[in-house]
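Q: I'd like to learn how to read a ligand site and the pockets of a protein. Can you walk me through one?

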Amino acid sequence: MRIPVSMPILNSNEKKYVNECLDTTWISSNGKFIAEFEKRFAEFTGYKHAIATSNGTVALHLILLALGLKPGDEVITPTLSYIATANSITYTGAKTVFIDSEENTCNIDVNQIEKLITKKTKAILPVHLYGHSADLDPILKLAKKYNLYVIEDAAEAIGTYYKGKHVGGFGQAGMFSFFGNKTLTTGEGGMIVTDNDELAAQMRLLKGQGMDPKRRYWHPIVGYNYRMTNIQAAIGLAQIENIEWRLKRRQEVAEWYYELLKPLTKYIELPTIAKYTNHSFWMFNILLKDNVKISRDELMNKLGEEGIETRPIFYPMHTMPPYFENKKYLIAEKLSAKGISIPTHSGLTKEEVEYVVEKLSIILQ
Ligand SMILES: *Cc1c(COP(=O)(O)O)cnc(C)c1O
């Protein structure tokens with residue numbers, strides 16, 4: 001058996017729609033699939049605007065640019081995230097101000113935000129890590145009190161709701177990623193959601209080289225080429241057509257893991273789900289307890305020898321050269337050292353999940 005930690009599942013109309021792009025020659029960033037995908041995405045998430053981009057990183061950059069982030073500004077964000085979160089802040093010249101995570105949810109520790117707010121703080125950028133929502137209400141309250149923007153990195157969180165509303169647009173705007181290992185994929189791709197008309201217009205302007213929408217080849221500002229192609233959107237449209245199935249399959253896989261891994265909770269911690277959210281399980285993570293003799297990396301190697309691919313929890317960004325801080329963020333560091341993501345995707349069968357658990361059980365006991 002060989003079980004990848006994640007994989008693109010292309011079981012909808014992907015081929016049909018992509019072939020339509022090829023047959024009609026609409027392969028670039030014009031074509032009907034882009035608007036259709038945006039429309040379906042806006043409907044699914046419940047936001048007024050959905051703006052497609054070439055990947056998730058530039059989607060985040062675009063939001064920050066449109067909000068006017070610049071050198072001298074500070075953005076508060078968790079140190080435990082994928083590097084794109086910090087990089088998009090850095091592209092604007094603004095400074096990342098890192099914050100530790102809470103142990104249960106792996107997300108931004110909202111109790112530590114207020115003391116980090118300075119005169120330079122412009123935004124709080126929570127990440128809904130691994131498909132579990134950050135606790136948004138306390139963040140929105142602080143943002144109101146100090147007049148800050150809230151931007152959600154929902155790259156991993158399609159299908160995640162906070163108190164019944166889909167994540168992404170609680171603040172000014174948020175974004176999703178459609179990289180190959182994400183719940184919905186277009187190969188590379190991203191999407192911004194917002195309810196703010198003015199901000200949406202500004203982001204569309206910036207995304208298309210700053211071209212005046214009423215005057216072709218007239219560019220009043222320096223823009224970017226952050227456009228999605230019609231081929232990407234064709235895949236995305238097919239994928240969002242069966243998004244409910246994708247999410248349901250992940251719930252099923254997670255339920256199997258919870259059930260089958262119960263006897264191993266002497267050795268590992270299973271993901272907790274806060275009351276204010278569901279968990280869309282972009283990744284199912286397990287955390288090695290202190291009594292476990294084998295190291296996290298040894299465990300991953302042993303699983304690898306059995307054909308089971310896993311991945312370590314992200315390295316906290318403050319531990320990597322571009323963002324290095326000689327400072328401890330204890331929870332993020334612990335999660336990173338002890339956590340692994342086990343195979344989680346919409347195509348997993350019960351047999352495969354049982355195989356993963358069986359091997360884990362043999363190695364851990
Ligand atoms: C995937 C991801 C992104 C965006 O990544 P792209 O590969 O550029 O689409 C941003 N933030 C997080 C937390 C991610 O997981």
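Q: How far is an oxygen atom of the ligand from an N or O atom in the side chain of Asn 55?

A: For a polar contact, look for a pair of N or O atoms within 3.5 Å. This is a predicted model, and here the distance for the Asn 55 side chain is 3.5 Å. Two other residues are worth a look: Gly 56 has a backbone N or O atom 2.8 Å from a ligand oxygen, while a polar side-chain atom of Lys 182 lies 3.2 Å from a ligand oxygen. As for cover, the ligand taken alone exposes 380 Å², and the protein buries 94% of that.

Q: Okay, so how many residues surround the ligand?

A: To pick them out, count residues with a heavy atom within 4 Å. You get 15, and Thr 57, Asp 153, Glu 156, Ser 177 and Lys 182 are the closest. By class, that shell holds five nonpolar, seven polar and three charged residues. Helices H3 (56-66) and H4 (83-91) each supply at least two of them.

Q: Which pocket does the ligand sit in?

A: The second largest one! That pocket holds about 330 Å³ of space. Its lining has 22 residues, with Tyr 82, Ala 84, Ser 177, Phe 179 and Lys 182 nearest the centre. H3 gives the largest share of that lining, three residues.

Q: And what is the volume of the largest pocket?

A: About 650 Å³. Among its 19 lining residues, Ser 29, Asn 30, Gly 208, Met 211 and Arg 227 are closest to its centre. Helix H6 (197-207) gives the most to this lining, with four residues.

Definitions and conventions
Residues numbered from 1 in each chain as written. Predicted model: local features only at pLDDT ≥ 70, side-chain atom pairs only at ≥ 80, totals over all residues. Heavy atoms only, no water. Polar contact = N/O pair within 3.5 Å; in protein donor to acceptor, adjacent residues only side chain to side chain. Areas by Shrake-Rupley, 256 points an atom, 1.4 Å probe, with all protein chains shown as cover. 1 Å grid on protein atoms, 1.4 Å probe; cavity = no way out; pocket = protein on both sides within 12 Å on 5 of 7 lines; lining within 4 Å. Sits in = over half its atoms within 2 Å of the grid points. Helix = DSSP H or I, 4+ residues; strand = E, 2+ residues; numbered from the N terminus. Nonpolar A, V, L, I, M, F, W, Y, C, P; charged D, E, K, R; others polar. Points joined across faces, edges and corners; volume = space filled by probe spheres on them.
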